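Subject: Handing over the structure

Hello,

Here is the structure I promised to pass on to you. Please have a look at it first, and then read my notes below.

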Amino acid sequence: MAEVAISRAERWRGVAAATGCISIVGLMTGLVWPLLALRLDAQGVASRLIGLNSSVHAVAPRLVGRLGLVNTLYACIAAAVAALLLLPLFPNVYAWFPIRFALGAATSTIFVAGETWIIHVAPPERRGRIVGIFGFVWAACFAAGPLVIGLTGIAGWTPFVVAVGIALLGALPLPLAQGGAISLAPVGRIDIRRLIRAGPATLLAVFLLAVFDSVNDSFLPLYGLRSGLGEPAAVTVLTVVLAGTTVVQVPIGWLADHVDRRRLLIAIPMGSVLMLALLPFAIASPWLLWPVALLYGCTIGSLWAVSLILVGERYRGADVAAANMARGVLYGLGAFAGPALAGFAFELWMPHGALAVIALVALLFLPVAVFGERDRPQMQA
């Protein structure tokens, strides 16, 4: 990634274009991931196979920089549309493995490109607030995705056609860039070990985040169903969690500009584990369920924002793009491992096994957050 001077107006055009494109695509993925899990469950597919199918998109490659930033985004939107149209044509769990692989490659590349764009154009002194605004808009769109299922249902072509229309809308903000698009060359071979040594908790936090996201998207509605909730209420649990990830973005972005970000990275998973421990007791009471679900979502949203802000603090120059590509790889590993493990755990300890997987990964991350980045210098370009 070339370090070039860009004007204030170009910065804001870049922020607007990146936020608009990635957030609209987020609405599409927020609709599609739980939709596919519910469709497979309605077909009687075993939970472990649902988990494996949900994880396959995570191992797809990220292609940021191969075609230039904006062209990469256009190409990925086109690929996502093609994959979405193939899903209802071949409504079989085994046929969905390669289709979800392609869809995962497209959507994950879009997100990695957007994160890199935002980090590059955001001024360091305002990075937390800009990331917070970006995260708020994206999370609001993603959280609205499950609500669309309530309007379209899960049967037939309708939800997929709606998803295609949303994906196409994601291309509309890109012409706004007008000079605010960064010059993004292919990163080449990523030395993940070197990058992790510079910021172990900064990068490994995204593995934990991927476990949160992937397991929640695929199993939280199923957890609600197996705990006695109806389908609308079970989907609403996920929506409330996603609402928590949304409302926390601007406050946590502001807070990250004023306090020690590493301490935040320690406190966040601790809060997540507490909310996960409370959720089985809260599920039977709306008075407890919705506040716990909301606070749980706040911890997830905080983890994403603080870890991304720390990328801009820990890395410089071309290493920003490399670090975000490494985040993409680690996110893919977490999003692959999370649902696969949760599917087995869900069957072994019905229905709490999936939540136990998330809590265990969060607890394993805590020592890295506490000891991993004390007194580490920033990387230089």
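Let's begin at S108, which sits in helix α4, a helix made of residues 93-121. The model is a predicted one, so please read everything below with that in mind. Is S108 buried or exposed? With a relative accessible area of 12%, under the 20% cut-off, S108 counts as buried. Its side chain has a polar partner: one of its polar atoms is 3.5 Å from the backbone oxygen of A105.

A105 belongs to helix α4 as well. A105 has a relative accessibility of 14% and therefore also counts as buried. If you would like a pair to look up in the viewer, try A105 and V56: they are separated by 49 residues in sequence, while their C-alpha atoms are 10.0 Å apart.

Now for the neighbours of α4. How do two packed helices get described? By the angle between their axes and the distance between the axes. Take helix α3 (residues 69-89) to begin with: its axis and that of α4 come within 9 Å and cross at roughly 155 degrees. Because angles over 145 degrees count as roughly antiparallel, α3 is roughly antiparallel to α4. The crossing between α3 and α4 is left-handed. On the α3 side, the residues that meet α4 include L69, L73, I77, L84 and L87. On the α4 side, W96, I99, L103, I110 and W117 are among those that meet α3.

Helix α5 (residues 127-152) also packs against α4, at an angle of about 150 degrees and with the axes 10 Å apart. α4 and α5 are therefore roughly antiparallel to each other. Which residues make this contact? From α4 come F111, I118 and I119, and from α5 come R127, I130, V131, F134 and W138. The crossing of α4 and α5 is right-handed.

Next, the nonpolar core. The largest one holds 125 residues, and M28, V32 and L84 have the most contacts inside it. Helix α1 (residues 8-42) supplies the largest share of this core, with 16 residues. V32 is worth selecting in the viewer: beyond its neighbours within four places in sequence, V32 is in contact with L84, L103 and A163. L84 and L103 will be familiar from the packing of α3 and α4, where L84 is on the α3 side and L103 on the α4 side.

Two further spots may interest you. T239 is placed in helix α9 (residues 231-247), and its 11% relative accessibility makes it buried. Leaving out residues up to four places away in sequence, T239 touches A143, P146 and L147. The other spot is a cis peptide bond between M350 and P351, with omega at about -5 degrees. P351 lies in the loop between α13 (318-348) and α14 (353-371).

Finally, the overall picture. How many helices and strands does the protein have? There are 14 helices and zero strands, so the pattern along the sequence is α repeated from start to end. Of its 381 residues, 59% count as buried. Among contacts between residues at least 6 apart in sequence, 86% join residues at least 24 apart.

Enjoy exploring it!

Best wishes

Technical notes: Residues are numbered from 1 along each chain as its sequence is written. This is a predicted model: local features need pLDDT of at least 70, side-chain atom pairs count only at pLDDT 80 or more; totals for chains, interfaces and linings use all residues. Side-chain values use heavy atoms; hydrogens and water are left out. Helices (H or I, at least four residues) and strands (E, at least two) are DSSP runs, numbered from the N terminus. Buried means under 20% relative accessible area, exposed over 50%, partly exposed in between (1.4 Å probe, protein chains only). A polar contact is a pair of N or O atoms within 3.5 Å; within protein, one must be able to donate a hydrogen and the other to accept it, and residues adjacent in sequence count only if both atoms are side-chain atoms. A nonpolar core is a set of buried Ala, Val, Leu, Ile, Met, Phe, Trp, Tyr and Cys residues joined through side-chain atoms within 4.5 Å. Contact means heavy atoms within 4.5 Å. Axes are lines fitted to C-alpha atoms, for helices over the stretch in contact, and angles run from 0 to 180 degrees between N-to-C directions. Angles under 35 degrees count as roughly parallel, over 145 as roughly antiparallel, 65 to 115 as roughly perpendicular and the rest as oblique. A crossing is left-handed if the near helix is turned anticlockwise from the far one by less than a right angle, and right-handed if clockwise.
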